[in-house]
Amino acid sequence: MNATDIHFYDQLLDGDHPTMAQEVVAGLMAKPKFCSPKFFYDHKGSELFEKICQLPEYYPTRTEEAILRQAVPEIAELAGDNATLVELGSGASRKVRLLLESLSVQCYLGVDISRDFLISSTRRLAADYPWLEVHAACADFTRGLSLPEAIRPEQLVAFFPGSSIGNFTPQAAERFLTSLHGCLPTGSGLLVGVDLLKDPHLLEAAYNDAEGITAEFNLNLLDRLRRELKLDIRRERFSHRAVFNQRQSRIEMHLDSRISQVLSLNGQSIRFREGESIHTENSYKYTVPGFRNLASRAGFESCRVWSDDEGLFSVHYLVST
Ligand code: AVI
C-alpha cells in the first residue's frame, strides 16, 4: 500500500432504498414541502459547508475545535490504546486531525455521503498519517451504519462532530443513536458534538451570515435538483430564510418561493404559492442534560461533557452500555 492508498467502500446503493428523485418528489408533494438536508452535500455543497465553517458568525466549528484541543488528553485516556476511529459525516476530515495527533489510533474509517469529497479528504489523511490504516465508506448513514468487515470491532470510538446530530429531529436522533448502539460493541465510545441552546440573535446570525454563504449553500440545493433530476427549478425564483423556532428549539432553514409557480417532475405537477417554502433543514439546539437524557434512552452512558466558557457548544464522551 502506498501512502495515498485508502480502502474504499461504496455503500450508497446498498439495500432497497428510495432514489434521490423519489425522496425529493415525496418531499415536494408533501404539505408543508420539505427536502432532506442530506441533499445539500454535492461537491459544491460540501465546499460551501467548509466555507460556512470559517465564517465569523458560525461559532460552532471554532468553538468545537477549541473544546477538542483542550479535552484531547482526557479523550485519549478514555479511548485507550490502538483505537479504531469511525467518523460520521467526515467531510473535510479536519477536526479528526486533532484526535489523530494525540490519540493512539491504528485505523480510521470516514463515512460520508459526498463521494468525491470523501475520497479526496481521506487520501489526504492517508498521505499525512502514513502509519494510519485509512478506510472510507460512501454511505447515507442517516439510514444506519454498516461497518465494513475489515474494521476491527474492538476498541471502537465513533466520532460525530459538528452537531450534525442536531439535523435530526430529537425522535430521529434517538432512533439513530439506538441503531448506532446496535452496531457498536458494548464499551465502544461515542464522541459527539452538540450545539447548545442560546440567545436567538446569535443563532439567527450564524445561519444568516453577512457574506451570504449560507444562502448560497441553501440555494445550491436547487441547482443540484435542476442538474441531477432535470427539474426546471430556478434559484432566482426562491430566497433563503433562516429563523429560530423557540418552541421546537431549532433553527429552521427554508427556501421561499418568490412567485407562484408550477414545476413538473416525473409527470407530477408541483405547485407553489407565492411565499410558500421548501423546508430544507432543522438544526436542533440542546441543553447538556437534555442531550444526556436522549443519549441514555438510546443506550449510551455519559462519561464526560466539555463545553466552552460561554456555554455555546458541548462535546460529549458517551459509552455504549
Ligand atoms: C451540518 N450541520 C450541523 C450544519 C448545521 O449547523 O446545522 C449545517 C448548516 N446549515 C447551515 N449552516 C450550517
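These are my notes on the ligand site and on two backbone details of this structure.

**Entry 1, the model.** I noted before anything else that this is a predicted model.

**Entry 2, where the ligand is.** I looked for the ligand among the pockets and found that the largest pocket holds it. I then listed its neighbours: the ligand is surrounded by 14 residues. Tyr 58, Asn 167, Tyr 207, Glu 281 and Ser 283 are the closest of them.

**Entry 3, polar contacts.** Which side chains place a polar atom by an oxygen atom of the ligand? I checked three of the closest residues one by one. For Tyr 58, a polar side-chain atom is 2.5 Å from a ligand oxygen. For Tyr 207, the distance from a polar side-chain atom to an oxygen atom of the ligand is 2.6 Å. For Asn 167, the corresponding distance to a ligand oxygen is 2.9 Å. I followed this with the surface: the ligand exposes 340 Å² when taken alone, and the protein buries 97% of that.

**Entry 4, what the shell is made of.** I sorted the residues of the shell around the ligand by type and got seven nonpolar, six polar and one charged. Next I asked which elements supply them. At least two residues of the shell come from each of α2 (43–54), α8 (213–228) and β12 (277–284).

**Entry 5, domains.** I wanted to know which domains the shell draws on. Domain 1 (17–54 + 200–284) gives at least three residues to the shell around the ligand, and domain 2 (64–199 + 287–320) also gives at least three.

**Entry 6, a cis bond.** Turning to the backbone, I looked up the peptide bond from Lys 31 to Pro 32. That bond is cis, and its omega is near -5°. Pro 32 belongs to the loop that runs between α1 (20–29) and β2 (33–34).

**Entry 7, a positive phi.** Is the phi of Gln 155 positive or negative? I found it positive, at about 55°, although Gln 155 is not a glycine. Gln 155 also lies in a loop, the one between β5 (133–138) and β6 (156–160).

Definitions and conventions. Residues numbered from 1 in each chain as written. Predicted model: local features only at pLDDT ≥ 70, side-chain atom pairs only at ≥ 80, totals over all residues. Heavy atoms only, no water. Near = heavy atom within 4 Å. Polar contact = N/O pair within 3.5 Å; in protein donor to acceptor, adjacent residues only side chain to side chain. Areas by Shrake-Rupley, 256 points an atom, 1.4 Å probe, with all protein chains shown as cover. 1 Å grid on protein atoms, 1.4 Å probe; cavity = no way out; pocket = protein on both sides within 12 Å on 5 of 7 lines; lining within 4 Å. Sits in = over half its atoms within 2 Å of the grid points. Helix = DSSP H or I, 4+ residues; strand = E, 2+ residues; numbered from the N terminus. Nonpolar A, V, L, I, M, F, W, Y, C, P; charged D, E, K, R; others polar. Domains from an automatic or database assignment.
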